[in-house]
Amino acid sequence: MAAPRGALVDAVDALPPAVNPLALSLNEFPYPPLPAVKAALSTAADVANRYPEFLPERLRSLIAGRVGVDEEQVIIGVGATGVIMQVLHAVTSPGDTMVMSAPTFDGYPIFAQMARLRSVTIDLDVYGHHNLHAMADAARQARVVVVCRPHNPTGTIEPAEDIERFLERVPADTVVLLDEAYAEFLGPANRIDGPRLVDRFRNVVVVRTFSKAYGLAGLRIGYGFCAPQLARQLWTMQLPFGIGLPALVAVAACYDAEGQLRQRIRMVSAERRFLQLRLRSMGVYSTDGQANFVYLPAAGVPWHEVFDDSGLKVRHYADGGVRITVGTRESTRAVLRATRLALR
């Protein structure tokens, strides 16, 4: 008779593998936390018997100082998804309308359903960009409108001036979620000045996360910032004791190791460009992605068969397109190998 398994053994078995070059569906960062971040998290374990702050005031202050806004302008969430739900709970009522692109981040249709909102979707153009004109028209009858920059799943970005023209057309009482989950992958010339934007447009909430470029997806740390009056309304939805102490020490350690993190981001961006170029050399078109993934439109290729048969885990979309997370060189080789075999 086999000995009973312990709870710890079962829990450890349930952990995802530290490195799986074929797991390319969730846009996870391919490297583990930096040594300094690991050390900080180890220290936080010593006080796991204590509650965190009632509300995450210290983390709020830390992020505000780095972003360049006042503390009262920042809200904290359990990942970017937590921030988005705080916004929806604070500013919408059941039956309100939420405008989003199609396709978009998988979470948005789910969030709309959870908040009992009516979803209005606007198709991307043939190059994977938002149709900002149509979205602004739809926003006139909406309570919330979502723009992702870089966009998920295509990785494309709209010029900053186009975003501002779009915001000028959106009614002042319609809240705009500017989802910048992948903003750290953008070069300086492509970034938007978030603090200046929310100062000019009081209905904009810029949403960011530590799950992607900072490699802390498992800790679930997100934040948003906006004009003070709107932020005070959103802060009323802050969950008491909702952000653990590991979040504070991990963010502080990441900020202290910013140079090392930037180097890792450059490595991932270089790998993305390498993958894009190699795919294009095989005649495979990808959108002009600027994040840590590439998006391949359908273009008559059965991507389901191409990648599922190879063991690769990628994200498929209803239009036939596929999003592939950029991982290590081993991951890239697996993607290229599967694609090459399919095109023979």
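Here is a short walk through this predicted model, from its cores out to a few backbone oddities.

**The main core.** Start by selecting Leu59, Ile63, Phe166, Val204 and Phe210: these have the most contacts inside the largest nonpolar core, which has 48 residues. Now add helix α10, residues 245–256, which gives this core its largest share, seven residues. Apart from this core lies another one, of 29 residues; pick out Ile84, Met85, Ala90 and Ala112 to find some of its members. As a rule, nonpolar side chains in soluble globular proteins tend to be buried together.

**Helix α7.** Go back to Phe166 and show what is around it. Leaving out neighbours within four places in sequence, Phe166 is in contact with Leu132, Met135, Ala136, Val145, Val147 and Val176. Next, colour α7 (residues 160–169) and highlight its buried residues Ile163, Glu164, Phe166 and Leu167. Turn the view to look down the helix axis: the buried residues of α7 fall within an arc of 160°, so they line one face of the helix. To see what covers them, switch on α6 (132–139), β4 (144–148), β5 (175–179), α8 (194–200) and β6 (204–209), which are among the covering elements.

**Over to Ile324.** Select strand β10, residues 322–325, and find Ile324 in it. Is Ile324 buried or exposed? Its relative accessibility is 0%, so Ile324 counts as buried. Beyond its neighbours within four places in sequence, Ile324 is in contact with Leu24, Phe293, Val294, Leu296, Phe307, Val314 and Val335. For a sense of distance, draw a line to Val249: the two C-alpha atoms are 31 Å apart, with these positions 75 residues apart in sequence.

**Out on the surface.** Show Tyr51, Phe54 and Phe241 together; they form a nonpolar surface patch with about 390 Å² of accessible area. Tyr51 sits in the loop between α2 (35–45) and α3 (57–67), and it is exposed, at 68% relative accessible area.

**Backbone stops.** Most peptide bonds are trans, and most residues other than glycine have a negative phi. Here are some exceptions to click on.

- Ala102 to Pro103: a cis peptide bond, omega near 0°. Pro103 is in the loop between β2 (97–102) and α5 (107–114).
- Arg149 to Pro150: also cis, with omega near -5°. Pro150 is in the loop between β4 and α7.
- Arg116: positive phi of about 60°, in the loop between α5 and β3 (118–123), and exposed at 59%.
- Ala299: positive phi of about 50°, in the loop between β8 (293–296) and α12 (303–308), and exposed at 70%.

Note on methods: Residues are numbered from 1 along each chain as its sequence is written. This is a predicted model: local features need pLDDT of at least 70, side-chain atom pairs count only at pLDDT 80 or more; totals for chains, interfaces and linings use all residues. Side-chain values use heavy atoms; hydrogens and water are left out. A nonpolar core is a set of buried Ala, Val, Leu, Ile, Met, Phe, Trp, Tyr and Cys residues joined through side-chain atoms within 4.5 Å. Buried means under 20% relative accessible area, exposed over 50%, partly exposed in between (1.4 Å probe, protein chains only). Helices (H or I, at least four residues) and strands (E, at least two) are DSSP runs, numbered from the N terminus. Contact means heavy atoms within 4.5 Å. The arc is that of the directions from the helix axis to the C-beta atoms. Patches are made of residues with over 30% relative accessible area and no salt bridge: like charges are joined within 9 Å, nonpolar side chains (Val, Leu, Ile, Met, Phe, Trp, Tyr) within 5 Å. Accessible areas come from the Shrake-Rupley method with a 1.4 Å probe; for residues, only the protein chains shown count as cover. A salt bridge is a side-chain nitrogen of Lys or Arg within 4 Å of a carboxyl oxygen of Asp or Glu.
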